[in-house]
Amino acid sequence: MQPDAPAPTLAAAAAVLPGRADDLARLGVLAEDSWPVVTVIGKYNHGKSRLLNELIGQEVFAVADRRETVALADIVHQRVRWLDAPGLDASADDDGHARRAAWLLSDIRLFVHAAKAGELDRQERELLAALRDDDARTHRQTLVVLTQVDQLADEAELQAVRDAVAAQAHSPHLVSAVRHRKGLEQGKPLLVERSGIPALRQALAAALAQVPRARAREGAALWAGLRASLQELAARQADETATLHAAQRRQREDFDRGLRAVLDKAGADIAALLASLGPDRAAAPDSAQDAYALTPGKAERNKLQIGYSRACIGIDSYLAGHGVAGMPGASRTPARSLNSVMAAVLGVSVKFRKDLRRMFCEPAGRLRLQADFTHYYELSDDRQALAARIAELDAAQAATRRALDALHAPALRGMHTRDTA
Ligand SMILES: Nc1nc2c(ncn2[C@@H]2O[C@H](COP(=O)(O)OP(=O)(O)OP(=O)(O)O)[C@@H](O)[C@H]2O)c(=O)[nH]1
Ligand SMILES: [Mg+2]
């Protein structure tokens with residue numbers, strides 16, 4: 001019967017706006033459109049449970065001369081849900097229950113303070129101020145009730161406490177559950193009257209009459225506020241996504257352009273080198289007596305090797321400058337010397353004229369190199385991190401959209417169209 005979590009549809013919004021969990025939970029409660037809820041809040045043993053019993057006219061809630069109420073208990077009586085809550089200051093758990101009743105579930109709060117305790121202490125004053133602020137914001141109502149007034153020695157003492165509390169809390173209702181009971185049991189209407197319970201019932205009836213309108217206004221304000229927050233969040237996310245997409249695109253364009261220039265230069269250098277060579281002798285075998293002689297074959301192989309190395313150094317330093325450090329983890333081999341993007345793309349075999357020409361001097365060869373190096377660029381840590389951030393934001397945006405949809409669920413949809421005058 002008590003909603004412990006926001007309605008399922010609102011869970012989507014709670015995931016997106018964790019800071020607004022309380023507002024969402026309250027909206028969920030309002031959407032249930034259940035009986036108006038009256039609850040008590042105050043320190044333990046101040047007479048909260050007994051006051052509710054007298055107001056209802058039944059011994060529903062446990063009363064004792066010690067800390068008694070430890071969980072929420074409720075009863076629906078005359079189209080009102082009466083909710084008994086533990087006293088504050090008893091334990092953290094009890095305070096949790098009490099606060100849940102007062103802040104999440106209630107429409108009307110009876111702020112209970114025993115007259116014999118004198119004026120409100122600091123904690124009570126702060127709590128009451130917070131409740132009053134909430135009243136102004138949510139259109140809920142808090143009535144201050146001075147209980148157990150029969151416990152004071154005489155009228156003068158009562159007057160003094162009443163004045164002190166009135167100065168702090170604006171005209172409290174004075175009640176005595178004991179007098180009320182006695183008056184009823186002994187058939188003494190005057191005593192019943194003097195117990196303050198009938199007057200409090202009247203004040204409550206007036207407050208209860210306001211509840212439907214107050215709820216409609218509260219629900220509409222919550223709905224509009226949450227929607228505005230979600231829309232603001234969606235706009236921020238869209239901005240951030242657009243910025244990241246632009247950065248991703250720009251980085252890639254810069255990389256593409258730069259790499260093309262590096263490959264074009266390597267192609268031109270190698271073309272010049274090849275043009276400077278005479279007949280192809282690289283494949284001519286050296287004889288045994290050539291072991292220490294610089295043969296034309298060796299000279300050519302040296303030249304090719306130097307030209308090729310230069311091209312490789314140019315490409316490698318360009319890649320390093322763009323965060324392409326090593327092979328992505330998944331493609332690593334146990335042979336460390338092979339764990340380089342250069343080896344993966346260019347291979348490790350000796351290059352002859354035809355290889356160099358095909359790879360660097362023909363447009364198709366350079367396009368292949370461009371595509372292969374770009375593949376590893378996209379797998380580099382920074383690019384992957386950027387892509388992951390974008391994917392994360394995409395998911396966050398989808399969640400925000402789901403949350404906005406959730407606010408349009410049938411039970412909530414009506415809320416912003418109800419009477420907000
Ligand atoms: N004399 C007198 N005693 C009262 C009155 N109202 C409550 N009491 C007594 O005060 C004690 C505490 O009352 P409860 O209603 O259990 O107090 P509570 O605020 O609900 O206490 P917790 O549930 O522990 O937070 C009980 O012994 C009640 O009989 C009253 O108007 N006059
Ligand atoms: Mg109690």
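Modeller: Let's start with a cut-off: two N or O atoms make a polar contact if they lie within 3.5 Å, and within protein one of them must be able to donate a hydrogen and the other to accept it. Please keep in mind that this is a predicted model.

Colleague: Thanks! What makes the link between R179 and S176 a polar contact?

Modeller: The backbone nitrogen of R179 is 3.0 Å from a polar atom in the side chain of S176. The limit is 3.5 Å, so the pair qualifies. The side chain of S176 also meets that of D150 in a polar contact of 2.6 Å.

Colleague: Where does S176 sit, and why is it called buried?

Modeller: You will find S176 in the loop between β6 and α7 (177–185). Its relative accessible area is 0%, and buried means under 20%, so the word fits. Leaving aside residues up to four places away in sequence, S176 touches Q148, V149, D150, S195 and I197.

Colleague: D150 came up just now. What does its side chain have to do with ligand 1?

Modeller: An N or O atom in the side chain of D150 is 2.8 Å from a nitrogen atom of ligand 1. For the side chain of Q151, the distance from an N or O atom to a nitrogen atom of the ligand is 3.3 Å. H46 takes part through its backbone, where an N or O atom lies 3.1 Å from an oxygen atom of ligand 1. The protein covers 91% of the 640 Å² of accessible area that ligand 1 has on its own.

Colleague: How many residues surround ligand 1, and which are the closest?

Modeller: There are 22 around ligand 1, and the closest are N45, K48, E68, T69 and A177.

Colleague: Let's turn to the sheet. In what order do its strands come?

Modeller: The order is β2-β3-β1-β4-β5-β6, six strands in an open sheet with mixed pairing.

Colleague: And what makes β2 and β6 edge strands?

Modeller: Each has a single partner strand, so one side of β2 and one side of β6 (173–174) are left without a neighbour in the sheet.

Colleague: How do you know that β5 and β6 pair?

Modeller: Two strands pair if there are at least two bridges between them, and β5 (residues 141–147) and β6 have two, so they meet the condition. They run in the parallel sense, and L146 has L174 in β6 as its bridge partner.

Colleague: Which strands does β3 pair with?

Modeller: β1 (residues 37–42) runs parallel to β3 and is joined to it by three bridges. β2 pairs with β3 in the antiparallel sense over five bridges. L83 in β3 stands opposite T39 and is also the bridge partner of D74. In the hairpin of β2 and β3, two residues lie between the strands, and Q78 takes a positive phi near 50°.

Colleague: Why is β3 called largely enclosed?

Modeller: Five of the five residues of β3 (residues 80–84) are buried, so the rest of the structure largely encloses the strand. V80, W82 and D84 point one way from β3, while R81 and L83 point the other way.

Colleague: What about T39: why does it count as buried?

Modeller: T39 has a relative accessible area of 0%, and the cut-off is under 20%, so it counts as buried. The side chain of T39 also reaches the backbone oxygen of L83 at 2.9 Å. Among the residues T39 touches are A101 and A102.

Colleague: What supports calling the length of helix α4 the expected one?

Modeller: At 1.5 Å a residue, the 14 residues of α4 (residues 92–105) should span 20 Å, and the end C-alpha atoms are 19 Å apart, which agrees. Buried residues of α4 include A98, A101 and L105. The helix's buried residues pack against α2 (21–31), β1, β3 and β4 (108–114).

Colleague: One last residue: is F61 buried or exposed, and how do you know?

Modeller: F61 has a relative accessible area of 5%, which is under 20%, so it is buried. F61 is found in the loop between α3 (48–56) and β2 (73–77). Its contacts include L52, I56, I75 and W82.

Definitions and conventions:
Residues numbered from 1 in each chain as written. Chains lettered and ligands numbered in written order. Predicted model: local features only at pLDDT ≥ 70, side-chain atom pairs only at ≥ 80, totals over all residues. Heavy atoms only, no water. Helix = DSSP H or I, 4+ residues; strand = E, 2+ residues; numbered from the N terminus. Buried < 20%, exposed > 50% of the residue type's maximum accessible area, 1.4 Å probe, protein only. Contact = heavy atoms within 4.5 Å. Near = heavy atom within 4 Å. Areas by Shrake-Rupley, 256 points an atom, 1.4 Å probe, with all protein chains shown as cover. Expected span 1.5 Å × (residues − 1).
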